[in-house]
Amino acid sequence: MNEGISAPFLAQQLKEKLKEKLPGMDAHIHMAPPQRFVDKKRYEPNADTRSGGVLVLIYPQENTLFFPLILRPEDTGVHSGQIALPGGKKDPEDQDIVETALRETWEEIGVKIDRNKVIGQLSPLYIPPSNFLVYPTVAAIDYKPVFNPSLHEVAQLLEIDLSEFVSDDKRNIREISVRYMKAKVPCYDLAGHVVWGATAMILSEFLTILRSID
């Protein structure tokens with residue numbers, strides 16, 4: 001992906017790529033914690049698994065493209081204090097998982113995205129600690145949004161430079177200690193934060209697709 005590429009051009013290129021066979025686990029595995037391959041049954045959806053949607057939102061700023069990530073507050077949630085894409089669980093009122101991603105983005109970071117800005121979806125990914133099957137949606141807009149993060153759901157909003165993410169090797173290995181695991185895991189170092197787990201796996205597929213664009 002070339003620097004200086006416009007949001008509309010990238011959106012069209014990505015739209016075509018997302019119609020093709022997706023990298024899926026071939027890309028996810030690059031950023032997956034090693035435990036994911038010890039007990040494979042634990043990493044498969046079950047009868048109680050809930051559906052969730054997250055959004056990868058591409059937008060321009062000073063001739064560069066960005067996408068937002070959020071730092072979740074420290075609370076009692078399974079993923080508290082971790083970096084995530086805007087998103088959450090599917091509500092019964094949502095017509096589909098795309099609507100879930102758009103609604104949650106509005107609720108979490110205060111950005112309302114029209115459905116016609118959606119350009120496709122990435123591969124779904126199962127997250128055992130919260131028992132969610134997450135469906136990532138990709139959207140692109142041609143303006144910088146005005147962010148208004150929810151004080152209850154977002155501790156910090158991070159704006160990630162897309163061209164820097166694509167061109168630089170942000171992958172690292174770090175020891176992570178959370179209440180449900182302690183291990184050395186692959187991660188991305190982005191905007192001064194460690195991005196690991198499901199978010200890193202989703203971004204790995206996104207990165208693989210971006211790097212395939214001429």
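**Figure 1. Threonine 199, a buried residue of helix 5.** In this predicted model, threonine 199 has a relative accessibility of 10% and therefore counts as buried, the cut-off being under 20%. Its place is in helix 5. A polar atom of the threonine 199 side chain lies 3.2 Å from the backbone oxygen of isoleucine 83. Beyond its neighbours within four places in sequence, threonine 199 is in contact with Leu69, Ile83, Ala84 and Leu85.

**Figure 2. Leucine 69 and its contacts.** Residues up to four places away in sequence are not counted here. Leucine 69 touches Ile83, Ala84 and Leu85. Its contacts also include Gln156, Leu157, Leu158 and Ile160. Leu190, Val195, Thr199 and Leu203 complete the list.

**Figure 3. The largest nonpolar core.** This core holds 43 residues. Leu14, Leu69, Leu203 and Phe206 touch the most other members. Helix 5 gives the most to the core, with 9 residues. Apart from this core lies another, of 18 residues. Leu55, Tyr59, Ala101 and Val118 are among the members of that other core.

**Figure 4. Helix 5, residues 197-211.** Helix 5 spans residues 197-211. It has 15 residues and reaches 21 Å from its first C-alpha to its last. That is close to the 21 Å expected at 1.5 Å a residue. Of the 15 residues in helix 5, 13 are buried, so the helix is largely enclosed by the rest of the structure.

**Figure 5. Helix 1 against helix 5.** Helix 1 covers residues 7-17. The axes of helix 1 and helix 5 come within 10 Å and cross at roughly 110°. The two helices are therefore roughly perpendicular to each other, since angles of 65 to 115 degrees fall in that class. On the helix 1 side, the residues that meet helix 5 are Leu10, Leu14 and Lys17. Helix 5 brings Phe206, Ile209 and Leu210. An α-helix has 3.6 residues a turn, so residues three or four places apart point the same way. Two of the residues at this meeting, Leu14 of helix 1 and Phe206 of helix 5, are also among those that touch the most other members of the largest nonpolar core.

**Figure 6. Threonine 137 in strand 7.** Strand 7 runs over residues 132-140 and includes threonine 137. Threonine 137 has a relative accessible area of 0% and is therefore buried. With residues up to four places away in sequence left out, threonine 137 touches Val54, Leu55 and Val56. Val98, Ala101, Val118, Gly120 and Gln121 are also in contact with threonine 137. Among these partners, Leu55, Ala101 and Val118 belong to the core of 18 residues.

Notes
Residues numbered from 1 in each chain as written. Predicted model: local features only at pLDDT ≥ 70, side-chain atom pairs only at ≥ 80, totals over all residues. Heavy atoms only, no water. Core = buried A, V, L, I, M, F, W, Y, C linked by side-chain atoms within 4.5 Å. Buried < 20%, exposed > 50% of the residue type's maximum accessible area, 1.4 Å probe, protein only. Helix = DSSP H or I, 4+ residues; strand = E, 2+ residues; numbered from the N terminus. Contact = heavy atoms within 4.5 Å. Polar contact = N/O pair within 3.5 Å; in protein donor to acceptor, adjacent residues only side chain to side chain. Expected span 1.5 Å × (residues − 1). Axes fitted to C-alpha atoms, helices over the stretch in contact; angles between N-to-C directions. Parallel < 35°, antiparallel > 145°, perpendicular 65-115°, else oblique.
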